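Colleague: I am new to this structure. Please take one small part and look at it closely, then show me what lies elsewhere in the fold.

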Amino acid sequence: MLVSDRIEAQLPGWRERVNRLRGSCGDFKVCDVTISQIYSGIRGVQIQVSDISHVDPYEGLRLRGYTVSELLKLLPKAPNSDMPLAGGLYYLLLCDELPTQAEADWVENEWKKRCLIPTYVFNVLRRLPKETHPMTLFSIGITALQRESVFAKAYESGLIKSDYWRYYLEDALNLTAKLPGLAAFIYNLKYQDGITLPASPTLDWSANFAHMIDRTGDPAYHDLCRLFFFLHSDHEGGNVSAHTAHLVSSALSDVYLSSAAGINGLAGPLHGLANQECLKWLLTVRDHFGGLPEQEDLRAYLWETLNNGGLIPGYGHGVLRTTDPRFTAQMEFARKNFPEDELIQLVELIYNTLPPILKEQGKVSNPWPNVDAINGALQYHFGVKEFDFYTVLFGVSRIMGLTAHAVWARALNKPIERPKSLTTEMLESMVVTCES
Ligand code: CMX
């Protein structure tokens, strides 16, 4: 198989690098941990390695070393589109090499062969109460698919450790292939007539999602799906979904179980669910002013929100200290395709107004927009107006990153994770010397 051959060819080099670091420099201290870091979400503590993506505070995301704008130019494009094929991106994440058109097409074709979802998964989802959140449906759907795990079956019958990654890779390709269909099924079940069109053999993975929710005739929405699924695929190892999936997979839970765990983390309002909160807030602002406000009025409104202790969704970030380049890429898409859209104009007006206010207030570490400041407004423009569904779209994309990490964690034989906890009393006795 093309992808496994590429990974296999690189493994001796990677294993040698890791063994050298662990062997001759194993006692080298990367960082110290302070009590305030322990009590503030282990923020900034360098405890993980991700070679798949990295978030630089001032430059934003790099996927396998490439920035968002570089990849938008370099990745093979979908037919009749200037947006990248998700198959090419997944090839890059897995293989650490920019794909040729043929390599990107290879992944897309593998996905086409593997995209059928067993009926029992749909039956499970149909039996849940109608008001179940789409992220819960998505997580349950992925967990139900775990029955298909080739790793779990092979592990039961005995596997050698150095082969684990091959089975993880099979599972990863099988699971990612099914994600557009699973997400479309959930969308149709919850918000449409419950009927999901079969995937089109002539469309790529991203555009097939658009097709399966009955937006076949809207090429601009196909392009938005391609852009969105590219932009959200990974964001280094420390965010809640990546960190959770990595931890769970370190127990040799297969990619279905670990991805579902990551998805449950993504469902939190401070993480992936923020895009739904952000659109709700944008609409509230628009309704408050009865349309696009004057900048002065908006400024007063934003100050009032902050002074009342309100949170402004879509602004701030745990790592970034600049405008998220994923926000910029989507803003450019909107400016090019529908500059007259009122909600997009509001997003832009807030972008031009809020950062100086947040700076002046002096509380937030990052006064700039993150990707969620625009995600929902774009979907809304295309009539995908069900806010609570947006995080599912994020999840479809993010599972590419989660599974690529899981494959490489097994390939490099990463062990089960087990940090140590302390009691408050232990910390108190440690600091006695510091206080005296
Ligand atoms: N509006 C108002 N206040 C904000 C704020 C915002 N957008 N972002 C941070 N603050 C406040 C915090 O509540 C905190 O206040 P307290 O000290 O009173 O608790 C203070 O500013 C400092 O927080 P921070 O160090 O800047 O932010 P964190 O690293 O703790 O949290 C994040 C980062 C994203 C959770 C936070 O900025 C936030 O809640 N933003 C709004 C929600 C959002 O957009 N989430 C999407 C995150 C994207 C992702 O995870 O992918």
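Modeller: Two strands pair if DSSP finds at least two bridges between them. Keep that in mind for the hairpin. One caution comes with it: this is a predicted model.

S1 and S2 form a hairpin, with three residues between them. S1 covers 53–56. S2 covers residues 60–63. The two strands run antiparallel, and four bridges join them. Take two of the facing positions. His54 has Arg62 in S2 as its bridge partner. Asp56 stands opposite Gly60, again in S2.

Now look at the side chains. In a regular strand they alternate between the two faces of the sheet. S1 shows this alternation. Ser53 and Val55 point to one face and are buried. His54 and Asp56 point to the other face and are not buried. Thus His54, the partner of Arg62, lies on the face away from Val55.

The hairpin belongs to a wider sheet. That sheet is open and has three strands, in the order S1-S2-S3. Its pairing is antiparallel. S1 and S3 (66–67) are the edge strands, and each pairs on one side only.

Next, the nonpolar interior. The largest nonpolar core holds 118 residues. Phe138, Phe209 and Tyr221 touch the most other members. Helix H9 (residues 164–191) gives the most to this core, with 15 residues. Beyond its neighbours within four places in sequence, Phe209 contacts Pro180, Ala183 and Ala184. Phe209 also meets Tyr221, Cys225, Phe229, Phe389 and Leu393.

Ser206 is worth a stop too. Ser206 sits in helix H10 (residues 205–212). Ser206 counts as buried because its relative accessibility is 0%, and buried means under 20%. Leaving out residues up to four places away in sequence, Ser206 touches Ala86, Cys225, Arg226 and Phe229. Cys225 and Phe229 are also among the contacts of Phe209.

Last, a pair of helices. Two packed helices are described by the angle between their axes and the distance between the axes. Helix H14 (residues 274–289) and helix H19 (residues 390–411) have axes that come within 7 Å. Those axes cross at roughly 145 degrees. The crossing of H14 and H19 is right-handed. From H14 come Asn275, Gln276 and Leu279, which meet Tyr390, Thr391 and Phe394 in H19. The residues of this contact divide into three nonpolar, three polar and no charged.

Definitions and conventions: Residues are numbered from 1 along each chain as its sequence is written. This is a predicted model: local features need pLDDT of at least 70, side-chain atom pairs count only at pLDDT 80 or more; totals for chains, interfaces and linings use all residues. Side-chain values use heavy atoms; hydrogens and water are left out. A nonpolar core is a set of buried Ala, Val, Leu, Ile, Met, Phe, Trp, Tyr and Cys residues joined through side-chain atoms within 4.5 Å. Buried means under 20% relative accessible area, exposed over 50%, partly exposed in between (1.4 Å probe, protein chains only). Contact means heavy atoms within 4.5 Å. Axes are lines fitted to C-alpha atoms, for helices over the stretch in contact, and angles run from 0 to 180 degrees between N-to-C directions. A crossing is left-handed if the near helix is turned anticlockwise from the far one by less than a right angle, and right-handed if clockwise. Ala, Val, Leu, Ile, Met, Phe, Trp, Tyr, Cys and Pro count as nonpolar, Asp, Glu, Lys and Arg as charged, and the others, Gly among them, as polar.
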